[in-house]
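Colleague: Before I use the labels on this model, I would like to hear the reasoning behind them. Can we go through them one by one?

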Amino acid sequence: QQKFHSNVIVGKPARPTPSISSPMTNIVFNPPWGVPPTILKNDVGSGLARRGSSYLARKGLRAYDSRGRDVTSQVNASNYRKYFISQPPGAGNALGEVKFNMPNGEAIYIHDTPHREAFKNSYRALSSGCVRTENPKEFAEIILGTDSFPMSRIKEIVSTRKTYSKVLD
C-alpha cells in the first residue's frame, strides 16, 4: 500500500543517481552541508577560479582548517582542497530543511532543496547524484509516525534553524 508520493529530482546525466539499497538510519532537520568531493572538485574549484572567495560568500559556504578555524577569506582556486568546506543550516542550504540518511558507499541520500521551483519541470535530472524530494516534511512525518512525531513538532523543530537529528528505530 502506497503511503507517500512525491516528485523528485535525481542526478543529471553527468552525475547520475546510482541504484542503492540501504536502510535509513536517521533524519536530520536543519542539516549543515559538508561539500562532498565530487562537488568540491567539479563545482567549487571552478567557482573559485572564476570568482575567487566571493564564490564562497555567494553560495553561503565557509572553509575550515584542520583545527576548525574559519579560513574562508584565505581560500582560493589553488588551495581549497586542503580545507573542509561547508554550509550552515538555513534557508539557502543546499540540503534544505530535512535530510534522510542512508549510509552507503556512494554518499547518496534523500534531502529537501531550497530550489522548489524545479519540481514543476517535467525534466528533473538536475542534481549531483542525491535524490531531492518535493515534500520532505510530509515524508519525515510518515517515516517517524504521526502519533509520535506529528507535523506540528516537525515544523517547530525546523523553525528553530538548529540542527536536530532523530535516529530511527
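**Reasons behind the labels**

Modeller: We can start with T72, which lies in the loop between strand 4 (62-64) and strand 5 (84-87). Keep in mind that this is a predicted model.

Colleague: Why is T72 called buried or exposed, whichever applies?

Modeller: The relative accessibility of T72 is 7%. Buried means under 20%, so T72 counts as buried.

Colleague: What makes the approach of the T72 side chain to the side chain of D70 a polar contact?

Modeller: The two side chains come to 2.6 Å. The limit for a pair of N or O atoms is 3.5 Å, and the T72–D70 pair is therefore counted as a polar contact. The side chain of T72 also reaches the backbone nitrogen of A63, at 2.9 Å.

Colleague: Which residues does T72 touch beyond four places in sequence?

Modeller: They are S53, L56, L61, R62 and A63. Three of these names come back around V75: with neighbours within four places left aside, V75 is in contact with L48, S53, L56, A63, Y80 and Y83.

Colleague: What makes the set of residues that holds V75 a nonpolar core?

Modeller: A nonpolar core consists of buried residues of the nonpolar kinds, joined through side-chain atoms within 4.5 Å. The largest such set has 19 residues, and V35, V44, L56, L61, V75 and I85 have the most contacts inside it. Helix 1 (37-51) and helix 2 (54-59) each supply at least two residues of this core, and helix 1 gives the most, with four. A second core, separate from that one, has 16 residues, including I27, F100, M102 and M151.

Colleague: How do you know whether N101 is buried or exposed?

Modeller: N101 has 17% relative accessibility. The cut-off for buried is under 20%, so N101 counts as buried. N101 is found in strand 6 (residues 98-101), and its side chain makes a polar contact with the side chain of K99 at 3.3 Å. Beyond four places in sequence, N101 touches P23, M24, T25, N26, V28 and Y109.

Colleague: Why is K166 not put in the same class as N101?

Modeller: K166, in strand 10, has 27% relative accessibility. Partly exposed covers the range between the 20% and 50% cut-offs, so K166 counts as partly exposed. Apart from neighbours within four places, K166 is in contact with N26, I27, L144 and F149. The C-alpha atoms of K166 and L144 are separated by 8.7 Å, with the two residues 22 apart along the chain.

Colleague: L144 belongs to helix 3 (residues 136-144). Which residues of helix 3 are buried, and what covers them?

Modeller: The buried residues of helix 3 are P136, F139, A140, E141 and L144. Their cover includes strand 2 (26-29), strand 6, strand 7 (110-111), strand 9 (131-133), helix 4 (151-159) and strand 10 (164-167). Just after helix 3, G145 takes a positive phi of about 95°.

Colleague: What makes the phi of N30 worth a remark?

Modeller: Most residues other than glycine have a negative phi. N30 is not a glycine, and its phi is positive, near 55°. N30 is found in the loop between strand 2 and strand 3 (33-34). At 1% relative accessibility, under the 20% cut-off, N30 counts as buried.

R161 also has a positive phi without being a glycine, at about 60°. The place of R161 is in the loop between helix 4 and strand 10. Its relative accessible area is 37%, between the cut-offs of 20% and 50%, so R161 is partly exposed.

Colleague: What makes the largest pocket a pocket and not a cavity?

Modeller: A cavity is a space the probe cannot leave, whereas a pocket is open. The largest pocket has a volume of about 860 Å³. Of the 33 residues that line it, the closest to its centre are W33, I39, D43, S128 and R132.

Colleague: Which helix gives the largest share of that lining, and how do the lining residues divide?

Modeller: Helix 1 gives the largest share, five residues. Helix 1, helix 2 and strand 8 (125-127) each supply at least two. The lining divides into 18 nonpolar, nine polar and six charged residues.

Technical notes. Residues numbered from 1 in each chain as written. Predicted model: local features only at pLDDT ≥ 70, side-chain atom pairs only at ≥ 80, totals over all residues. Heavy atoms only, no water. Buried < 20%, exposed > 50% of the residue type's maximum accessible area, 1.4 Å probe, protein only. Polar contact = N/O pair within 3.5 Å; in protein donor to acceptor, adjacent residues only side chain to side chain. Contact = heavy atoms within 4.5 Å. 1 Å grid on protein atoms, 1.4 Å probe; cavity = no way out; pocket = protein on both sides within 12 Å on 5 of 7 lines; lining within 4 Å. Points joined across faces, edges and corners; volume = space filled by probe spheres on them. Nonpolar A, V, L, I, M, F, W, Y, C, P; charged D, E, K, R; others polar.
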